[in-house]
Amino acid sequence: MTTSASVPAGPPNTPVSPRKVTDRLVEANEQYAAAFTDPGMDARPILHVAVVACMDARLDLHDALGLSLGDCHTIRNAGGVVTDDVIRSLTISQRALGTRSVVLIHHTNCGLESLTEEFRHDLEMEVGQRPAWAVEAFRDVDQDVRQSMARVRTSPFLLHTDDVRGFVFDVKSGLLREVDPV
């Protein structure tokens, strides 16, 4: 799906000024706000589900999952891995806002498959400070989904760990493939 805010200003692979991109996003928001009407919702997702997914720009989660505004909480990060911050967000989602199910979505051809923890070392050498976070790189997407499911299922902070399912989204076909947690 292409929107006016995401169309490049020049030929493909031509760098676009970050300021121009942000200006275009702000302009798009002004158009959105002009037609906006308050949907009358609160922060509790209608379907009581939280979706944890990769931040990859190729994943249009609402379209891919048939979701509408207000249906779910969406938590995204590099790789869609379950980190301490994801557990934090899921804990708030469950304990304060009523979600009961967790869907984890990784995808094929993920950038984290080509990184290593050496990335942290390189950053430390460049900026003089080691990042406090792990890269969470992986080589086997199915195994990383299993690890993420295990992290959710064993977290003492989460109330609802019986409905946790993990998937791999195929960026070429758009299909989800469920990963067996075993």
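This is a short dialogue on reading the sheet and the overall build of a predicted model.

User: What should I know before I start?

Analyst: Local features here need pLDDT of at least 70, side-chain atom pairs count only at pLDDT 80 or more, and totals for chains, interfaces and linings use all residues. Residues are numbered from 1 along each chain as its sequence is written, and side-chain values use heavy atoms, leaving out hydrogens and water.

User: How many helices and strands does the protein have?

Analyst: Helices (H or I, at least four residues) and strands (E, at least two) are DSSP runs, numbered from the N terminus. You get five of each, running α-β-α-β-α-β-α-α-β-β from the N terminus on.

User: What is the strand order in the sheet?

Analyst: Strands of a sheet pair through backbone hydrogen bonds, either parallel or antiparallel. Two strands count as paired if DSSP finds at least two bridges between them. Here the open sheet goes E2-E1-E3-E4-E5, with mixed pairing. Strands E2 (72-77) and E5 (176-179) are the edges, each pairing on one side only.

User: Which way do E4 and E5 run, and how many bridges join them?

Analyst: They're antiparallel, and four bridges link E4 (residues 164-169) to E5. Look for Gly166, which sits opposite Val179 in E5.

User: Which strands does helix H3 touch?

Analyst: Contact means heavy atoms within 4.5 Å. Helix H3 (residues 84-95) packs on the sheet and touches E1 (49-54), E2 and E3 (101-107).

User: What share of the residues is buried?

Analyst: Buried means under 20% relative accessible area (1.4 Å probe, protein chains only). Of the 182 residues in the protein, 32% are buried.

Terms used: Axes are lines fitted to C-alpha atoms, for helices over the stretch in contact, and angles run from 0 to 180 degrees between N-to-C directions. Buried means under 20% relative accessible area, exposed over 50%, partly exposed in between (1.4 Å probe, protein chains only).
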